[in-house]
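Work through the exercises below with the sequence and the structure open beside you. Try each task before reading its solution.

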Amino acid sequence: MNTETQTPTDTQVTWHIACEVSDIPEDGGGCAFIDGKQIAIFNFARRGEWYATDNECPHRQQMAVSRGMIGSHEGEPKVACPFHKKTFSLKTGQCFNDDAYQIKTFPVMVRENLVYIGL
Amino acid sequence: MKHISVIRIVVIGNGMVGFKFCEKLLAKRQASQQISITVFGEEPRVAYDRVHLSEYFAGKTADDLTLAGEDWYADNGIKIYLSDPVVDIDREHKLVRSHHGIVVQYDYLIMATGSGAFVPTIPGVEKDGVFVYRTIEDLELIQSYARKAKKGAVIGGGLLGLEAAKALLDLGLEEAHVVEFATRLMPRQIDEAGSRMLQSQLESLGLHIHLSKNTQEIKGGDCIEGMQFADQSFLEVDMLVISAGIRPRDELAKIAGLETHPRGGIIVDNQLQTSDPNIFAIGECALAHHMIYGLIAPGYEMADVVAAKLTGGAKEFLPFDMSTKLKLIGTDVASFGDPFIEEPACTTVRYENKAKGIYKRINVSPDGKTLLGGILVGDAEQYNMLLQTCKNKTILPPDSEDLILGSRGGEEAGAGVMSFPDDALICSCEAVTKGMLCQEVSEKGNHTIDSIKKSCKAGTGCGGCIPMVKDIITGTLKQNGVYVRNVVCEHFDYSRQELLDLVKMNGLKTYGNVLDTFGKGDGCETCKPLVASLLASLWNESILQKDRAPIQDSNDRYLANIQKGGTYSVVPRIPGGEVTPEKLIVIGQVAQRYGLYTKITGGQRIDLFGAHLGDLPEIWEALINAGFESGHAYGKSLRTVKSCVGSTWCRFGVQDSVSFAIEVENRYKGLRSPHKLKSAVSGCIRECAEAQSKDFGIIATEKGWNLYVCGNGGSKPQHAQLLATDVDKETCLRLIDRFLMFYIKTADPLARTATWLNKMEGGMSYLKAVVVDDVLGIAAELESDLQQLIDVYQCEWKEVVDNPELRKRFSHFVNTPAKDPSIQFEEMREQKRAKEWA
Ligand SMILES: Cc1cc2nc3c(=O)[nH]c(=O)nc-3n(C[C@H](O)[C@H](O)[C@H](O)COP(=O)(O)OP(=O)(O)OC[C@H]3O[C@@H](n4cnc5c(N)ncnc54)[C@H](O)[C@@H]3O)c2cc1C
Ligand code: SF4
Ligand code: SF4
Ligand code: FES
């Protein structure tokens, strides 16, 4: 895997090692426990992109976003919560089905086979 | 100099109609007008959707039901006081005073105080365990009391009473009774024959109905223990919901000296003006045209009339249509127009089918040209069509009985809506006409229900018009020359069946291949599981290998059903429901070791709930070592083949139903299909295994077996139909092979066999012709395709247990073996249960 960074890098963030690249299935997600927080990490291999968001779905507070299916909506990458299929943009965290919901997104950096999350 | 004065408007009551009034007033306000709005609400929360109140029991929260959040009021400059009812109106000085002492001056006062439940004066109504059914607080109390109650009753067999009774049943009470004073159910909406049919339908759902019962006393100590009737009979119950009608909240109006009706209601004219010209009354507290309109659509219309008047418009409240369709009671009931009108003022056509529990009646004008009204029980699919035909006085076809007979498929219905005039009112709650909807579709590009709801609010009230709105979207697109096909989603421009053929012809085996070859974009939660199911139905290769794991629905991906709270359930296969004591002990031990809640399922097996994701492989390892296999409870695939004990033990049995059930279950286990498949085998005509409610069911006869197909339980029960009579086992299996494969190849995604058959042109006779008589000449191919799937069957869980790479995926976190710390349980009857939704 090449060295690459996704999502705009904020100079303020602290980078945490989350896991190895192979821990996250291609075109799927996994959840890492970082700094007391549950972070959902997605390897969007089809687009050659990585994303990270809250693992908790704001709809019914279920820790499940990492187990959701990823895909795109008119070109925008998204993830669908497995519980009631609310979908969220992986770029902005905005919910597509209901303006009231939003999840946080975090920058991801992949170096030397390790996945880093910026918090 | 022109002086701009502010018009001060005070609204008493923040219910559905009071809220709608504020919304309409803001929308209609002229740029030159300065308006200040103050709202007083007695309830502790902002207005919510009372019409769908019962959904609170189905998991909706108070937030979900809220019509607009508190910020909406703030953002629009509305001052709102909650938990603070108005207690006094000083009409002389135009002041209102609230319970907390807040005094506000008005130029116009809007009374939207709604109604309360009417509670008859029966000795004992004050006891614990007696409730009414009106607010979220009422439902909270009912829900918590129901946890420890066993037998419940509802006084009142009307619209709301039946909804409440069904809710008691859904809350898990062992018995739910309906006690009605009249001689039949819903006397105001439907006729005698309809009542009878409704009653038998409700009884088959498990409700106990008591008619002509006058409750004399509610017995018990502090808590209710039973009901004593005037005819000396007694009913033992430990909770009671009173739903004996509504009583308009006119007490404040009375104190203020406004004119009210002796039987309740603030008297208003057709401008909704009370006896004081500065005070209006709208919604369920208002008595207009000599009646209280206890429905939401007329309430919204009243709000519209007053909002128009205060913003310089002119509108009149006309007598309103009282057509209704009952929701949530598990069987359809609807009435529209004038349901009771009799010959010779009309010609009445009736249709009754006792076996299916259907009663329909339409009243046609004597000249046969227009529809005057009607009643539908058991099947109200045509309700919207008929209602519009009636309201718009559409000229009827020569054979008016076709309106309620004959299967009118989706397409015909679509054509039907499109024949309505542009000013036909489709959404009566929000007053949206057909013309407005067509414009939404053609000019504003709103092609989905969601976007229509957002842009013009149609379908956001009672929701009854949604099927017609869908038909109008499709119909308008068609008229505009847009070819509408049931395509999968934005990523695949094919129907499921087309895609299945393409994937098969090209021998594609991974999602990536399918998307690259026939799709575009990156896929989504609709096409991924659909393609996953196609691949499984075509090749039956492990669903977790290659790129297939992340495209499975969450349940399939972890080979277990995700439950409330994020834990999973485990269901080992128990073919035919037969299990040895040794195996039962292993299940018990596993449940003990991993702290699982255990329950017998409806399909004669055992469900273990509350397993942490990370424990699943170990749990299954233990089960597999004891000889169990995956039960596929998580998949769209064969669930169980239920059986009765049959000739081996039962004195009536004519064949060995258990052995056959085991053989059938083992044959089709793991078979992936458009939706789940259920089956059963009964040992004789008494049908103890309920085979006729299954996708395919087998009943023993003296000479062999009868095969039934396309039955369904669930929310829309449908009896299975006879496909073959007195066949031997081999023939029976061959026919099932063909039937299943034909279904897998041609059904829409997520269509059960019953729905598939209902949509099939030619229906059962066509299905028979294909499966039994092989008119298409495809029987041999169907059989061999199915045999191929059977040959490659493997237990999915065994694969995972034996494969360290796959096992690794069963962990909540990727960077620690810890379990999800946010999972919480509650205690219940010495076991645990998932914590309630927050
Ligand atoms: C379970 C249930 C199911 C229903 N199903 C349907 C259906 O399927 N279809 C349909 O059309 N209709 C249905 N209805 C009826 C529908 O909900 C009512 O017609 C509608 O809610 C009436 O609205 P409203 O604003 O007039 O009254 P409400 O919604 O009752 O609001 C009145 C509000 O005013 C408050 N209030 C009263 N006095 C004061 C005071 N002095 N000061 C301040 N506030 C006060 C009350 O607390 C209440 O919050 C159903 C009702 C219930 C209870
Ligand atoms: S269906 Fe017949 S054989 Fe089976 S249990 Fe019932 S009575 Fe006995
Ligand atoms: S098991 Fe079925 S019927 Fe029971 S609550 Fe769940 S979905 Fe509803
Ligand atoms: S919990 Fe995520 S959609 Fe409901």
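The model shown is predicted, and the exercises that follow deal with its cavities, a pocket, a helix, a serine and a ligand shell.

**Exercise 1.** State how many cavities of 30 Å³ or more there are, and describe the largest cavity.

Solution.
- Step 1: the count of cavities of 30 Å³ or more is five.
- Step 2: about 60 Å³ is the volume of the largest cavity.
- Step 3: the lining of this largest cavity takes A:Arg67, A:Gly68, A:Met69, A:Ala80, A:Pro82 and A:Lys85 from chain A, and B:Glu525, B:Pro550, B:Gln552, B:Asp553, B:Ser554 and B:Arg557 from chain B.
- Step 4: sorted by class, the lining of the largest cavity holds five charged, four nonpolar and three polar residues.

**Exercise 2.** Find the volume of the second largest pocket and say what lines this pocket.

Solution.
- Step 1: the volume of the second largest pocket is about 470 Å³.
- Step 2: its lining has 19 residues, and those nearest the centre are B:Pro319, B:Phe320, B:Asp321, B:Lys391 and B:Leu425.
- Step 3: two elements of chain B, β26 (371-377) and α9 (383-391), each give two or more residues to the lining of the second largest pocket.
- Step 4: the classes in this lining are eight nonpolar, seven charged and four polar.

**Exercise 3.** Name the buried residues of helix α15 (residues 511-518) of chain B and give elements that cover them.

Solution.
- Step 1: B:Tyr511, B:Gly512, B:Val514, B:Leu515 and B:Phe518 are the buried residues of the helix.
- Step 2: an α-helix makes a turn every 3.6 residues, so residues three or four places apart point the same way.
- Step 3: the cover over the buried residues of α15(B) includes α14 (496-505) and α16 (527-539) of chain B.

**Exercise 4.** Is B:Ser682 buried or exposed, and what does its side chain join?

Solution.
- Step 1: B:Ser682 belongs to strand β34 (residues 677-682) of chain B.
- Step 2: B:Ser682 counts as buried because its relative accessibility is 0%, and the cut-off for buried is under 20%.
- Step 3: the side chains of B:Ser682 and B:Glu687 are joined by a polar contact of 2.7 Å.
- Step 4: leaving out residues up to four places away in sequence, the residues B:Ser682 touches include B:Cys644, B:Cys688, B:Ile698 and B:Trp705.

**Exercise 5.** Which residues surround ligand 2?

Solution.
- Step 1: around ligand 2 are B:Cys644, B:Gly646, B:Cys650, B:Phe652, B:Gly653, B:Gly683, B:Cys684, B:Arg686, B:Glu687 and B:Cys688.
- Step 2: this shell divides into five nonpolar, three polar and two charged residues.
- Step 3: B:Glu687 of this shell is also the partner of B:Ser682 in the polar contact of 2.7 Å.

How values were computed:
Residues numbered from 1 in each chain as written. Chains lettered and ligands numbered in written order. Predicted model: local features only at pLDDT ≥ 70, side-chain atom pairs only at ≥ 80, totals over all residues. Heavy atoms only, no water. 1 Å grid on protein atoms, 1.4 Å probe; cavity = no way out; pocket = protein on both sides within 12 Å on 5 of 7 lines; lining within 4 Å. Points joined across faces, edges and corners; volume = space filled by probe spheres on them. Nonpolar A, V, L, I, M, F, W, Y, C, P; charged D, E, K, R; others polar. Helix = DSSP H or I, 4+ residues; strand = E, 2+ residues; numbered from the N terminus. Buried < 20%, exposed > 50% of the residue type's maximum accessible area, 1.4 Å probe, protein only. Polar contact = N/O pair within 3.5 Å; in protein donor to acceptor, adjacent residues only side chain to side chain. Contact = heavy atoms within 4.5 Å. Near = heavy atom within 4 Å.
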